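Biologist: I'd love a close look at a single part of this model, please. Choose a region and take me through it at an easy pace, together with its surroundings.

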Number of protein chains: 2
Amino acid sequence: MQKGMVALCAGLALAPALAADAPAAPPAAAAPSMADILAASPAGDWRALDPNNTLYMELPKGRVIIELAPDFAPKHAANIRALAKEGYFDGAFIVRSQDNYVVQWGWPEDMPRKVKKAHAAEKAEFFRAVSPDLPYTPLPDPDTYAATVGFTAGFPAARDAEGKSTWLVHCYAMLGAGRGDTADSGGGAELYAVNGHSPRHLDKNVTLVGRIVQGMELLSVMPRGTGPLGFYETPAERTAIKSVRLEADVPTAERANLEALKTESPTFVKLIDARRFRRESWFLDPSGHLGVCNMPIPVRKRGS
Amino acid sequence: MQKGMVALCAGLALAPALAADAPAAPPAAAAPSMADILAASPAGDWRALDPNNTLYMELPKGRVIIELAPDFAPKHAANIRALAKEGYFDGAFIVRSQDNYVVQWGWPEDMPRKVKKAHAAEKAEFFRAVSPDLPYTPLPDPDTYAATVGFTAGFPAARDAEGKSTWLVHCYAMLGAGRGDTADSGGGAELYAVNGHSPRHLDKNVTLVGRIVQGMELLSVMPRGTGPLGFYETPAERTAIKSVRLEADVPTAERANLEALKTESPTFVKLIDARRFRRESWFLDPSGHLGVCNMPIPVRKRGS
């Protein structure tokens, strides 16, 4: 009984809606589960992560893998690549862990480090123009913060009501470039990842530069800092970062070789439906709704 | 500069909206900040936590304080009181920590424990009828999962389109009673707290019984379990629970004496406005939107 609790169970049977405000019934009984859909996905629905857009952050307890989002933050992505290449983050620290908000890393105030060839700051990339070469898979349910939400290029994204502007949104494990009080004061030398409920009020206030695609559980358990904003108060509380390297600079034998499901693929569209209407037998109310930050974006070892 | 990053800054100035999809301007410039509003709140806008609805869970690293929600889950609240009184959780364990989902505690499968006077299960309390004696402070923005969302009796809640049914929602730090495959198989002997983005698809699928009002940061950092659903695979990974006691059974000198802001108070309504339109100078786009799981429900030491 215990292992079935609050579980994503394997059952396939369609459960009846119990609640007073139950949504319309799912379109088909005994429809495939999320696992079934992934197992049946064609290889062409997956894309290998680009070694030039993939970062490995090595922590004492393991590796965190980041995918950069050059379609949304090209300047920041280029600068973060440059920072990794010059070894900027090697020996830096996790400096902040604020509960239900963000975990942040870089060089602490008492150990300032200057960038070399990389830039200390970049112009803000809070949003960009919608473009036909950027496919968008929208979600049907209303969003609290934006006219529409969905997925573009492997990331959760929003669009304005006119369909002209688009931006990445602050879901769990999204990666942002910390900034000071002005828009153009961030550049990637301070990075943060969302470790709790989506702080969507940060959307269009900070440049989101990518997403943690593996190893987020190493960051989310960082002890919460007791200083203002969750900063650690003593150097001993900080966790040291061994290195941050671009995958392209890592020997082939050490690479993770990950692939991500294309968010414009038929498989992803099927997954959205499977998450909107939860058909696992444990769910007594299939929900019939899906938030942009409640949709996993599958990543796996290539060809697995 | 670093400390201002991704911060809830103290600045009061009204910042202009920058983004293409900026919301309407806030109603008043230089409006008070959240801290200002709390500092000016009258004592009558606060309520002392009821010692018969407050639980202390003592962990090796400190105390977690829970407020039960008898207005929504009276049977479960009564049963959890009974479980605490018979010492059911004393010596139990954190058995599960699944990243971006839930942390769960109770007795592991290999150490089953029977309830004494308490019940092993209660009838589901997934939702209840709207009642005039339950004030509701709704939020103006759309919600993805429910017709309306807001706050009732100190908890985040939703209502159906007809205004007849209401239920608690799965925000960060909300507390639920794990269940098996059937609706009436939970009862509070297995409890979980949300440790990531709100899993709102669990709404109306599990009975929510309360909220962690202090000490959530002790639960959110529990190392993630590597077994299915984030269960720990070996006994050594589990964290032991010293005790779970009802505050009413704790000597007065050991009590935390907390009070919560009434969610139907004028102060709380002002706070909602201050969170919808972020007036701190760091925010370049004030957002103009607020999700039900993005609104803090202030709790403090009584009279502080």
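Modeller: Gladly! One term first: a residue is called buried when its relative accessible area is under 20%, exposed when it is over 50%, and partly exposed in between, using a 1.4 Å probe and the protein chains only. By that rule, buried residues make up 61% of the 304 residues in chain A. This is a predicted model, in which local features need pLDDT of at least 70 and side-chain atom pairs count only at pLDDT 80 or more, while totals for chains, interfaces and linings use all residues. Residues are numbered from 1 along each chain as its sequence is written, chains are lettered from A and ligands numbered from 1 in the order in which they are written, and side-chain values use heavy atoms, leaving out hydrogens and water.

A little background on chain A helps. It has four helices and 17 strands; here helices (H or I, at least four residues) and strands (E, at least two) are DSSP runs, numbered from the N terminus. Its accessible surface comes to about 11100 Å², 57% of which belongs to carbon and sulfur atoms; such areas come from the Shrake-Rupley method with a 1.4 Å probe, and for residues only the protein chains shown count as cover. With a contact taken as heavy atoms within 4.5 Å, 72% of the contacts in chain A between residues at least 6 apart in sequence join residues at least 24 apart.

The part I'd pick is the sheet, and chain B shows its layout. Nine strands form an open sheet there, in the order E14-E4-E5-E12-E11-E13-E3-E2-E15, with antiparallel pairing. Strands E14 (239-240) and E15 (243-246) of chain B are the edges, each pairing on one side only. Pairing here requires that DSSP finds at least two bridges between two strands. At one edge, strand E2 (residues 54-59) of chain B is joined to E15(B) by four bridges, and the two run antiparallel. There, Leu55(B) stands opposite Leu246(B) of E15(B). Helix H2 (residues 74-85) of chain B packs on this sheet and touches, among others, E2, strand E3 (62-68), strand E13 (207-214) and E15 of chain B. The direction of H2(B) makes about 120° with that of E15(B), where axes are lines fitted to C-alpha atoms, for helices over the stretch in contact, and angles run from 0 to 180 degrees between N-to-C directions.

For a closer look at E4, let's move to chain A. Strand E4 (residues 93-97) of chain A is mostly covered, with five of its five residues buried. E4(A) runs antiparallel to strand E5 (residues 102-106) of chain A, and four bridges join them. Ile94(A) has Trp105(A) as its bridge partner in E5(A). The two strands form a hairpin with four residues between them, and Asn100(A) in the turn has a positive phi of about 55°. E4(A) also pairs in the antiparallel sense with strand E14 (residues 239-240) of chain A, over two bridges, and here Phe93(A) is the bridge partner of Ala240(A).

Aromatic rings come next. Rings of Phe, Tyr and Trp (its six-membered ring) pair if their centres lie within 6.5 Å; planes under 30 degrees apart count as stacked, over 60 as edge-to-face and the rest as tilted. A search of the whole structure finds eight such pairs over all chains. One of them is Tyr88(A) with Phe89(A), edge-to-face at 5.0 Å centre to centre and 90° between the planes. Tyr88(A) is buried at 7% relative accessible area, and Phe89(A) is buried at 1%. Phe93(B) and Trp107(B) also meet edge-to-face, at 6.2 Å centre to centre and 90° between the planes. This pair links distant parts of the chain, 14 residues apart: Phe93(B) is in strand E4 (residues 93-97) of chain B, and Trp107(B) is in the loop between strand E5 (102-106) and strand E6 (128-129) of chain B. Phe93(B) and Trp107(B) are both buried.

Let me finish with a link between the chains. A charge sits over a ring if NZ of Lys or CZ of Arg is within 6 Å of the ring centre and within 35 degrees of the ring normal. Arg179(A) lies over the face of Trp282(B), 3.8 Å from the ring centre, and the charged end of Arg179(B) sits over the ring of Trp282(A), 3.8 Å from its centre.
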